[in-house]
Amino acid sequence: MKTITDGGTVRKLWLADRGAFRDHLLRLDPISRHQRFAMGASDDFVIRYAETSFNLDTLIHGWFVDDRLVGAGELRGLPQNAKEAEAAFSVEADWQLKGVGSALMEKTLLAARNRRIRRVYMNCLASNRHMQRLARRFGAELEFESGDVVGLVLPDGPTPGSYFREAVADAHGWTTAIFDLQRRLVAPTRA
């Protein structure tokens, strides 16, 4: 059984990661895909969703194992209030319940904190007990609404330490992304 300590890194996704994000969402098993989108989502829907996810109001962190994106945490600003955002998470079945969601949640909430977002909402199906437990672990208040559950997290304000943690993680993530890209570009020529 693999655990988070078997190797893997969490980092922000860049525009160059759009294909990896799309492929990750397409690999979600039917239950995970339904839980992520709260509906049956066709491949065409998922492809369009991934293509539009890298806009200025969205920040995505990904969990990579062997250059493969297996989990993602999204932070989307809400257009009606710049101090509020929605968070959504997806983890491929083989990596669920192994700490990936917690690592993604931690990075997502740090990003929200440093952007002075005061309220982070997480919507999930009432049957998605794993997401509810994860939200509670990070201090979310849960309310049941129309068969769904809405979690609300109130992040602390930014501090010099929180900015520093994100900056260090970004520098490490950028370096990792560059080396991963280089490795992918060089690997086919070796064959």
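This note sets out points on the core, the salt bridges and the charged surface of a predicted model.

1. Nonpolar core. The largest nonpolar core of the model comprises 28 residues. Within this core, Trp63, Leu75, Val120 and Met122 have the most contacts. Two or more residues each come from strands E2 (58-65), E3 (68-78), E4 (81-91), E5 (119-125) and E7 (148-153), and likewise from helices H4 (100-114) and H5. Helix H4 gives the most, with seven residues. In soluble globular proteins, nonpolar side chains tend to be buried together.

2. A buried position in strand E4. Ala87 is part of strand E4. Its relative accessibility is 3%, and because buried means under 20%, Ala87 counts as buried. From Ala87 to Ser146 the C-alpha to C-alpha distance is 19 Å, and the two residues are 59 apart in sequence.

3. Salt bridges: the pair Asp170 and Lys12. Twelve salt bridges are present in the structure. In one of them, the side chains of Asp170 and Lys12 meet at 2.7 Å, N to O. Asp170 belongs to helix H6 (residues 160-190) and Lys12 to strand E1 (residues 9-12), so this pair ties together parts that are 158 residues apart in sequence. Asp170 is partly exposed, at a relative accessible area of 23%, whereas Lys12 is buried, at 9% relative accessibility.

4. The pair Glu92 and Arg68. A salt bridge links Glu92 with Arg68, and their closest N and O atoms are 3.5 Å apart. Glu92 is located in the loop between E4 and H4, and Arg68 in strand E3; the pair therefore ties together parts that are 24 residues apart in sequence. The acidic partner, Glu92, has a relative accessible area of 8% and is buried. Arg68, with a relative accessible area of 41%, is partly exposed.

5. The pair Glu84 and Arg119. Strands E4 and E5 are tied together by a salt bridge, because Glu84 lies in strand E4 and Arg119 in strand E5; the parts are 35 residues apart in sequence. The closest N and O atoms of this pair are 3.8 Å apart. Glu84 is buried, with a relative accessible area of 15%, while Arg119 is partly exposed at 33% relative accessibility.

6. A salt-bridge network. Lys12, Arg115, Glu166 and Asp170 are joined into one network by salt bridges that share partners. The Asp170 and Lys12 pair described in point 3 thus has both its residues in this network.

7. Positive surface patch. Arg129, Arg133, Arg136 and Arg137 form a positive patch on the surface. One of these residues, Arg133, is placed in helix H5 (residues 129-137). Arg133 is partly exposed, at 46% relative accessibility. Helix H5 is also among the elements that give two or more residues to the largest nonpolar core.

8. Negative surface patch. A negative patch on the surface is made up of Glu141, Glu143, Glu145 and Asp148. Strand E6 (residues 141-145) supplies the largest share, three residues. Glu141 is placed in strand E6 and is partly exposed, with a relative accessible area of 49%.

How values were computed: Residues numbered from 1 in each chain as written. Predicted model: local features only at pLDDT ≥ 70, side-chain atom pairs only at ≥ 80, totals over all residues. Heavy atoms only, no water. Patch = residues over 30% accessible without salt bridge, like charges linked within 9 Å, V, L, I, M, F, W, Y side chains within 5 Å. Areas by Shrake-Rupley, 256 points an atom, 1.4 Å probe, with all protein chains shown as cover. Salt bridge = Lys/Arg side-chain N within 4 Å of Asp/Glu carboxyl O. Lys, Arg positive; Asp, Glu negative; His and termini not counted. Charge placed at Lys NZ, Arg CZ, Asp CG, Glu CD. Helix = DSSP H or I, 4+ residues; strand = E, 2+ residues; numbered from the N terminus. Buried < 20%, exposed > 50% of the residue type's maximum accessible area, 1.4 Å probe, protein only. Core = buried A, V, L, I, M, F, W, Y, C linked by side-chain atoms within 4.5 Å.
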